[in-house]
Amino acid sequence: MSIDSISISDIMSKDVKVEVQNQNIFAVAKIMSDNDIGSVIIIDNHENRNPVGIVTERDILRILGSLKPDLMQTPIKELMSHPIIPLSIQTTISDASALMQEKKIRRIPIGYKNNNLVGIVTENDVFKVLMKNKD
């Protein structure tokens with residue numbers, strides 16, 4: 001099966017962890033640690049759940065490495081990577097891989113409509129499929 005015909009929805013993780021934008025870096029780091037994940041999608045609030053950004057392991061390292069104590073209590077909306085670049089659930093793995101390379105990103109939120117995030121795909125997810133289909 002060609003990666004041009006495999007939908008991103010076939011490989012996405014559906015259990016997307018989120019946090020509200022007024023939380024701090026500790027709340028986001030705890031979610032990552034508790035769930036053994038490398039990113040958390042940041043939402044505007046619990047009612048709307050509109051994705052507004054992403055915080056990754058690299059973001060946490062960058063923030064902690066700056067050695068600026070005031071950043072520990074700064075709302076995550078001021079530290080997150082944004083805007084996010086979402087993809088439709090109909091997007092192919094080939095297209096997702098190309099976008100990741102072009103934008104130099106490692107995670108892509110998938111298919112939110114009416115503010116409903118349905119999944120996330122990582123470069124590792126894509127790599128696994130590419131390795132299976134390399135022949």
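1. Contact here means heavy atoms within 4.5 Å. The coordinates come from a predicted model. The points below take the open sheet, then a buried and an exposed residue, then the β4–β5 pair and helix α4.

2. The open sheet. Three strands make up this sheet, ordered β1-β2-β3, with mixed pairing. Its edges are β1 (18–20) and β3 (51–56), each of which pairs on one side only. From one strand to the next, the twist averages 35°.

3. The β2–β3 pairing. β2 (residues 39–43) pairs with β3 in the antiparallel sense, and five bridges join them. To check the register, look at Ile41: its bridge partner in β3 is Ile54.

4. Helix on the sheet. α1 (residues 25–35) packs on the sheet and touches β1, β2 and β3. The direction of α1 makes about 135° with that of β2.

5. Thr56. This residue belongs to strand β3. Is Thr56 buried or exposed? Its relative accessible area is 13%, and the cut-off for buried is under 20%, so Thr56 counts as buried. Which residues does Thr56 contact, leaving aside neighbours within four places in sequence? They are Met32, Gly38, Ser39 and Arg107. Of these contacts, Met32 falls in α1 (residues 25–35), Ser39 in β2 (residues 39–43), and Arg107 in β4 (residues 107–110).

6. Glu78. This residue sits in the loop between α2 (57–65) and α3. Its relative accessible area is 56%. The cut-off for exposed is over 50%, so Glu78 is exposed. Glu78 and Asn22 are 56 residues apart along the chain. Their C-alpha atoms are separated by 9.0 Å.

7. The β4–β5 pair. β4 and β5 run antiparallel, joined by four bridges. Ile108 has Val121 of β5 as its bridge partner. Side chains of β4 (residues 107–110) deserve a look: Arg107 and Pro109 point one way, Ile108 and Ile110 the other way. All four are buried. Arg107 also appears among the contacts of Thr56.

8. Helix α4. In α4 (residues 123–132), the buried residues are Asp125, Val126 and Val129. Why are they on the same side of α4? They cover an arc of only 95° around the axis, and therefore share that side. What covers the buried residues of α4? The cover includes α3 (93–103) and β5 (119–122). β5 is thus named twice in this note: it runs antiparallel to β4, and it helps cover the buried residues of α4.

Note on methods: Residues numbered from 1 in each chain as written. Predicted model: local features only at pLDDT ≥ 70, side-chain atom pairs only at ≥ 80, totals over all residues. Heavy atoms only, no water. Buried < 20%, exposed > 50% of the residue type's maximum accessible area, 1.4 Å probe, protein only. Helix = DSSP H or I, 4+ residues; strand = E, 2+ residues; numbered from the N terminus. Arc of directions from axis to C-beta. Pairing = 2+ DSSP bridges. Axes fitted to C-alpha atoms, helices over the stretch in contact; angles between N-to-C directions.
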